[in-house]
Amino acid sequence: MTISLFNTLTRKKEKFKPIQEGKVGMYVCGPTVYDSCHIGHARSAIVFDVIYRYFLASGFDVTYVRNFTDVDDKIINRANQLGIQSHEVSEKYILEFYEDMDALHVQRPTYEPYATKHIDNIIQLVETLIQKQFAYEIDGDVYFKVESFADYGKLSGRKLEDMEAGARVDVDKRKENPFDFALWKSAKPGEPSWDSPWGAGRPGWHIECSAMSSKYLGEHFDIHGGGKDLIFPHHENEIAQSESAFNKPFSTYWVHNGFVNIDSEKMSKSLGNFMMIKDALKRYHPEAIRLFLLSSHYRSPIDFTEQSMDEASQGLDKIYSLMDRLDKADLKTSQTKTGEYWKKFSEAMDDDFNTARGIGVLFDAIRITNRILDEAPNRDNSIDSIICARVDIQKIGEILGILHENPENYFKTKKTAAIQEEAIDAIRVEEMIQARKNARKEKEWAKADQIRQELEKMNIILEDRPDGTIWKIVKS
RNA sequence: GGCGGCAUAGCCAAGUGGUAAGGCAUCGGUCUGCAAAACCGACACUCUCCGGUUCAAAUCCGGAUGCCGCCUCCA
């Protein structure tokens, strides 16, 4: 089965045909490191992380590049605000980015280039563009001439003429066309700068991606990704620069993920409703965040709400509960053959990385395996089904980037956190459970029930299992 | 003004021409001293509305309504 994916460039779902058999070159726009990352950055990182994992699992040799934009107006502004150097700002947020990504189990790409470490490549590319007359210099600034690129607008589906009617663009009279964009910006005093043929300055935003993608993946590569908002102008401009400079198609496929809303509203400075990754991690398990972000198709908008996060958390509990049950079922095996669930999951993933459908398959596997465990766990064919399902669930978990924890540990950690959060006296709870156990032994049901009720008032739920009583905390 | 997307049960969400996955919630049941967990069953004769194409449409085409995004270096 081949992988199909939706290509923004053609607005169609297409079969994936790599440039080189068995290999994938993928470039994804990473963060501009001027602030903490929010849940939208997490979605983009996780969506492409899953795509990366799935290509690897499908046997491809993947080169995955994700850049850091570490020189930019916003970083400079932030540095001025804080009274520090701009590289100090970017270094701080790069570290924070790694903390967030590691916590979310986002795998490191093959290469993570920094714009500031590729200034030579950038200057060279700008020179090529000037030389080929696709760009022009004015007072130390260099602009790309959009009218020189006949296909300008092909990614975003706009025409230069139509856009000019809108006219919400800066009116720099020096530019030949208002949509001409900066390849190189001359430095103002105090700004970070590098020497160039046009004087001291720094790269424009778009050029770094063309320079770095061509360096690590070649001038023509397979997949370019990023958030939907990057389609215009960022990716449109990347295409214009790259195809003009290299005279060949840039990326074959363009993949864009949708936004994350917060309580049905777009995250914005004015609303002040940014959900930062580090804050989300304080409230929810990292794998619950992954499960939530993957529970809708990657191109659809998704709404981050307390309810949807609680549901994702419940779903994760359900998955770990089964894994715990399987651990305790003591099924010795070294079998690793995948079965029907993996097959169905792969079919969903082959179809434009449909993780929502794939998660449906995962829950099917869980339900059916629980049923077998309830009804006839010891029959030979039951054992086969259970072992096979377990292999599939693990493998699906690897693609989704969940199930990193030992199930017993998962529940233990969760409980410890809840004990702290709800300020529960664990020793007293244990004593009450012991008292109830004694009461039950004597068949003093009224007393046992009274203890249960008291615990319920403390938001504690008991479960009598064959091997003893366990307790859980429900969040108030 | 230009371009694009979405509308499926109480909520979230798959579905890409063949008769509506999955999750949460709710209601029955099995299990349990009682519960919880797990499982079983019920829960959209119908997919915003109106037309059209077709033997067949949630799916394709046209129109209407509603919501959203981009055109501001916001993933």
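The legends below describe close-up views of a predicted model that holds protein chain A and RNA strand B.

**View 1. Overall fold of chain A.** The C-alpha trace of chain A spans about 90 × 50 × 40 Å along its principal axes. Its secondary structure comes to 16 helices and 15 strands. Of the 476 residues in chain A, 50% count as buried. Chain A exposes about 23,300 Å², and carbon and sulfur atoms supply 48% of that area. Among contacts between residues at least 6 apart in sequence, 76% join residues at least 24 apart.

**View 2. Surroundings of RNA strand B.** RNA strand B is surrounded by 56 residues. The closest are Lys13, Lys74, Lys185, Lys266 and Asn354. Of the atoms of RNA strand B that come within 4 Å of the protein, 61% belong to sugar and phosphate. Sorted by class, the surface near the strand has 25 charged, 18 polar and 13 nonpolar residues.

**View 3. Helix α12 beside RNA strand B.** Helix α12 is formed by residues 355-375. This helix gives the most to the surface near RNA strand B, with nine residues. Asn354, one of the residues closest to RNA strand B, is also part of the surroundings.

**View 4. Side-chain contacts with bases of RNA strand B.** An N or O atom in the side chain of Lys13 is 2.3 Å from a base nitrogen of RNA strand B. Lys13 is also listed among the residues closest to the strand. For Arg452, a polar side-chain atom lies 2.8 Å from a base nitrogen of RNA strand B.

**View 5. Gln314 and the RNA backbone.** The partner of Gln314 is a sugar or linking oxygen of RNA strand B. A polar side-chain atom of Gln314 lies 3.0 Å from that oxygen. Sugar and phosphate together make up 61% of the atoms of RNA strand B that come within 4 Å of the protein.

**View 6. Cys29 and Cys209.** A search of the whole structure finds zero disulfides. The cysteine sulfur closest to that of Cys29 is in Cys209, at 4.0 Å, so the two are too far apart for a bond; the cut-off for a disulfide is 2.5 Å between sulfur atoms. Seen from Cys209, the nearest cysteine sulfur is that of Cys29, and Cys209 is in no disulfide. Cys29 has 10% relative accessibility and therefore counts as buried. Cys209 is buried as well, with a relative accessible area of 1%.

Methods
Residues are numbered from 1 along each chain as its sequence is written. Chains are lettered from A and ligands numbered from 1 in the order in which they are written. This is a predicted model: local features need pLDDT of at least 70, side-chain atom pairs count only at pLDDT 80 or more; totals for chains, interfaces and linings use all residues. Side-chain values use heavy atoms; hydrogens and water are left out. A residue is near a molecule or strand if one of its heavy atoms lies within 4 Å of it. A polar contact is a pair of N or O atoms within 3.5 Å; within protein, one must be able to donate a hydrogen and the other to accept it, and residues adjacent in sequence count only if both atoms are side-chain atoms. Helices (H or I, at least four residues) and strands (E, at least two) are DSSP runs, numbered from the N terminus. Ala, Val, Leu, Ile, Met, Phe, Trp, Tyr, Cys and Pro count as nonpolar, Asp, Glu, Lys and Arg as charged, and the others, Gly among them, as polar. Buried means under 20% relative accessible area, exposed over 50%, partly exposed in between (1.4 Å probe, protein chains only). Contact means heavy atoms within 4.5 Å. Accessible areas come from the Shrake-Rupley method with a 1.4 Å probe; for residues, only the protein chains shown count as cover.
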